[in-house]
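Here's a walk through one model, from the cysteines out to the overall fold and back down to single residues. Have the viewer open as you read.

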Amino acid sequence: MTPEMIGGAAFLSFGLVYVIGWLLAAIGSWKVFRKCGEAGWKAFIPFYNKYIRFKLYWDKKYFWVYLITYIFSTTMGANATGVLALVVAAAAICGMITIIKVDFKCAKCFGKGAGMGILLVVMPWLANIILGFGKAEYTA
């Protein structure tokens, strides 16, 4: 096998694992959204599913903070240097903190503690399956 073949196989394997993880997270989110009184199909729409999560677990206005920081950090981050690089890094960190906070608020809404919050951050596919198919109930 050539190095190109090995690299291609590794790329394909990682891509497949990513798609499977995304599907498991979306299926779990489908069930979680249904428990919260939302339509399950909303879990499959990128960014809209985040909006619904913010609406259910925290506050819609923080979604817009997240979206602005996400767009700013992804569009400006590739070519940022100097002070702009620091601003982009701060925006990216702000976006990550808001997502982590909404994950912990999700765990709290289902009567779970910090362990589930950490699991939602680290392995959302597993946490959503547990919340969606488990006995936990949504308690806004």
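How many disulfides does a search of the whole structure find? Zero, in what is, keep in mind, a predicted model. Cys106 is in no disulfide, and the nearest cysteine sulfur to its own, that of Cys109, sits 6.8 Å away. Seen from the other side, the sulfur of Cys109 has Cys106 as its closest cysteine partner, and 6.8 Å is too far for a bond, because a disulfide needs the two sulfur atoms within 2.5 Å. Cys106 is buried, with a relative accessible area of 1%, and Cys109 counts as buried too, at 9%.

**The overall fold**

The protein chain has six helices and zero strands, so reading along the sequence you get α-α-α-α-α-α. The C-alpha trace spans about 50 × 45 × 25 Å along its principal axes. Of the 140 residues, 31% are buried. If you look at contacts between residues at least 6 apart in sequence, 45% of them join residues at least 24 apart.

On the outside, the chain exposes about 8700 Å², and carbon and sulfur atoms supply 72% of that. As for charge, there are 14 positive and 5 negative side chains, with the centres of the two sets 9 Å apart.

**The core**

Now to the inside. The largest nonpolar core has 23 residues, and the ones with the most contacts inside it are Tyr57, Phe110, Met116, Leu120 and Leu131. Two or more residues come from each of H1, H2, H3, H4, helix H5 (114-122) and helix H6 (124-133). H4 gives the most, with five residues. As background, nonpolar side chains in soluble globular proteins tend to be buried together.

Phe110 is a good place to zoom in. Leaving out residues up to four places away in sequence, Phe110 touches Val32, Lys35, Cys36, Tyr57, Leu131, Ala136, Glu137 and Tyr138. Two of those contacts, Tyr57 and Leu131, are also on the list of residues with the most contacts inside the core.

**Helix H2 and Phe54**

Helix H2 covers residues 48-57, and its buried residues are Asn49, Ile52, Arg53, Phe54, Leu56 and Tyr57. What do they pack against? The partners are H1, helix H3 (60-76) and helix H4 (83-109).

Phe54 lies in this helix and counts as buried, at 0% relative accessibility. Beyond its sequence neighbours up to four places away, Phe54 touches Asp59, Lys60, Tyr62, Phe63, Tyr66, Thr98, Ile99 and Val102. Ile6, on the other hand, is a long hop away: Phe54 and Ile6 are 48 residues apart in sequence and 41 Å apart in space, C-alpha to C-alpha.

**Polar residues and a loop**

Asp103 is found in helix H4. Is Asp103 buried or exposed? Asp103 counts as buried, because its relative accessibility is 4%. Its contacts, again skipping residues up to four places away in sequence, are Arg53, Gly117, Leu120 and Val121. Arg53 is itself one of the buried residues of H2.

Over in helix H1 (residues 3-35) you'll find Ser29, which counts as buried at 12% relative accessibility. With residues up to four places away set aside, Ser29 touches Ala43 and Asn128. Tyr18 lies in H1 as well, but counts as exposed, at 60% relative accessibility. From Tyr18 to Lys31 it is 13 residues in sequence and 20 Å in space, C-alpha to C-alpha.

Between H1 and H2 runs a loop, and Phe47 has its place there. Its phi is near 70 degrees, a positive value in a residue other than glycine. For context, most residues other than glycine have a negative phi. Phe47 is partly exposed, with a relative accessible area of 35%.

Here are some of the residues from this tour, with their accessibility:

| Residue | Relative accessibility | Status |
|---|---|---|
| Phe54 | 0% | buried |
| Cys106 | 1% | buried |
| Asp103 | 4% | buried |
| Cys109 | 9% | buried |
| Ser29 | 12% | buried |
| Phe47 | 35% | partly exposed |
| Tyr18 | 60% | exposed |

Terms used
Residues are numbered from 1 along each chain as its sequence is written. This is a predicted model: local features need pLDDT of at least 70, side-chain atom pairs count only at pLDDT 80 or more; totals for chains, interfaces and linings use all residues. Side-chain values use heavy atoms; hydrogens and water are left out. Helices (H or I, at least four residues) and strands (E, at least two) are DSSP runs, numbered from the N terminus. Buried means under 20% relative accessible area, exposed over 50%, partly exposed in between (1.4 Å probe, protein chains only). Contact means heavy atoms within 4.5 Å. Accessible areas come from the Shrake-Rupley method with a 1.4 Å probe; for residues, only the protein chains shown count as cover. Lys and Arg count as positive and Asp and Glu as negative; His and the chain ends are not counted. The place of a charge is taken as NZ of Lys, CZ of Arg, CG of Asp or CD of Glu. A nonpolar core is a set of buried Ala, Val, Leu, Ile, Met, Phe, Trp, Tyr and Cys residues joined through side-chain atoms within 4.5 Å.
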